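Notebook open, coffee ready. I want to look up how the helices pack and where the nonpolar side chains gather.

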Amino acid sequence: MTRILTGDRPTGPLHIGHYVGKIVPTLAALEHADEAYVMVADYHAFTTHYLEPLSVRDAVEEMVIDYLAAGIDPEKHVVFVQSQVPEHLELAYLLGALTPVSHLERVPTYKEKIQETGRPPTFALLGYPVLMASDIMVYRGDTVPVGDDQVPHLEFTREVVRRFNQAYGFDFPEPQPYLSHVPRLAGLDGEHKMSKSLHNQIDLRMSAEETEARVTQMVTDPQRVRKSDPGRPEVCPAHQYYEAFVPEEAEDIATQCRGAAVGCVACKSRLAGRINDYFREHRARRAEIASRSGYVKQVLHEGGIAARKTARRTLDEVHAKLGISRLGH
Ligand code: TRP
């Protein structure tokens with residue numbers, strides 16, 4: 001029995017780095033899932049975007065459109081929004097009861113986010129991994145497609161699961177990450193990972209023309225000044241993109257680059273065409289799904305009902321075992 005739970009924070013449009021790092025492994029994992037829950041983690045978005053609640057709202061629907069366009073099928077899998085299933089928060093509270101603060105302070109993303117936002121850490125930011133553990137546990141998820149940055153959160157989840165199982169005699173599975181074969185994509189600046197906050201990304205919703213313009217701006221090997229200089233594909237984001245989107249051409253272009261047989265302009269122009277080929281169908285499906293009035297809302301409505309049904313069952317079991325009475329039931 002394979003039960004999948006995965007999610008993304010709706011803090012902005014998904015980019016092509018998410019696609020290869022997260023959506024592609026999710027699709028692979030879904031192929032052999034008995035049951036799967038794909039969630040837009042809007043409460044998790046509030047850990048950093050609490051002053052822009054409407055930006056979170058707008059990003060939710062866009063994210064679902066990308067999920068569906070990528071081929072996540074709401075007829076087979078439950079696609080839903082985290083805030084529509086309050087059971088996640090109920091279980092998170094009980095998990096929090098047996099989680100030492102010192103363990104939360106050790107989670108690497110906690111310190112990173114404090115640095116990134118420059119704001120004083122909040123209760124919700126510290127508790128982020130507890131809610132994530134709860135997201136997974138309410139569905140008894142055992143397989144969690146994620147980007148490699150999420151591995152510490154999964155490790156933390158397994159710890160929580162063990163502690164909870166041991167304390168109360170449950171048998172929640174210890175979930176394992178399901179990772180992409182493609183390493184996290186570099187951004188167009190060639191210096192950092194692809195990220196919306198650094199403006200070095202190509203969004204899935206960008207047109208072919210926008211994509212081409214973005215690829216053209218990409219920073220290539222800084223030591224390669226003239227076309228006759230030999231290039232170093234290993235430090236060039238263009239090479240990484242070839243490997244991610246057209247692996248069959250990656251070696252050939254790298255050889256040409258090293259031998260100064262192709263210039264950066266031509267290399268990037270060819271790459272832009274390949275990326276556009278890769279996403280041609282996705283874009284068409286995206287436009288088609290976005291044009292169906294009320295469709296996404298309907299998917300999320302039905303997904304919310306289905307998710308809640310499973311989550312409620314788990315919470316009822318937990319409450320029963322912990323002697324938490326529900327008067328009137
Ligand atoms: N933390 C994940 C991220 O930032 C999003 C997320 C929230 C998630 N809850 C989850 C992923 C549960 C997997 C399972 O990408």
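**Entry 1: a helix pair**

I started with H12 and H13, which pack at an angle of about 170 degrees with their axes 12 Å apart. Anything over 145 degrees counts as roughly antiparallel, so that is what H12 is to H13. I should remember that I'm looking at a predicted model.

Next I asked myself: which residues make the contact? From H12 I noted Glu249, Asp252, Ile253 and Gln256, and from H13 I noted Cys267, Arg270 and Arg274. I sorted the residues of this contact by kind and got four charged, two nonpolar and one polar.

**Entry 2: the largest core**

Background for myself: in soluble globular proteins, nonpolar side chains tend to be buried together. Here the largest nonpolar core holds 49 residues. The ones with the most contacts inside it are Ile16, Tyr67, Leu185, Tyr241, Phe245, Leu271 and Ile275. Several elements supply at least two residues each, including H1, S2, S3, H11 and my earlier pair, H12 and H13. Which helix gives the most? I found that H3 does, with eight residues. I also checked the domains: domain 1 (3-185 + 293-322) and domain 2 (208-282) each put in at least three residues.

**Entry 3: Leu185 and another core**

I picked Leu185 for a closer look and skipped its neighbours within four places in sequence. That left contacts with Ile16, Gly17, Val20, Lys193, Met194, Gln240, Tyr241, Ala244 and Phe245. Apart from the largest core, I noted another one of 39 residues, with Leu98, Tyr128, Leu131 and Phe156 among them.

Notes:
Residues numbered from 1 in each chain as written. Predicted model: local features only at pLDDT ≥ 70, side-chain atom pairs only at ≥ 80, totals over all residues. Heavy atoms only, no water. Core = buried A, V, L, I, M, F, W, Y, C linked by side-chain atoms within 4.5 Å. Buried < 20%, exposed > 50% of the residue type's maximum accessible area, 1.4 Å probe, protein only. Helix = DSSP H or I, 4+ residues; strand = E, 2+ residues; numbered from the N terminus. Domains from an automatic or database assignment. Contact = heavy atoms within 4.5 Å. Axes fitted to C-alpha atoms, helices over the stretch in contact; angles between N-to-C directions. Parallel < 35°, antiparallel > 145°, perpendicular 65-115°, else oblique. Nonpolar A, V, L, I, M, F, W, Y, C, P; charged D, E, K, R; others polar.
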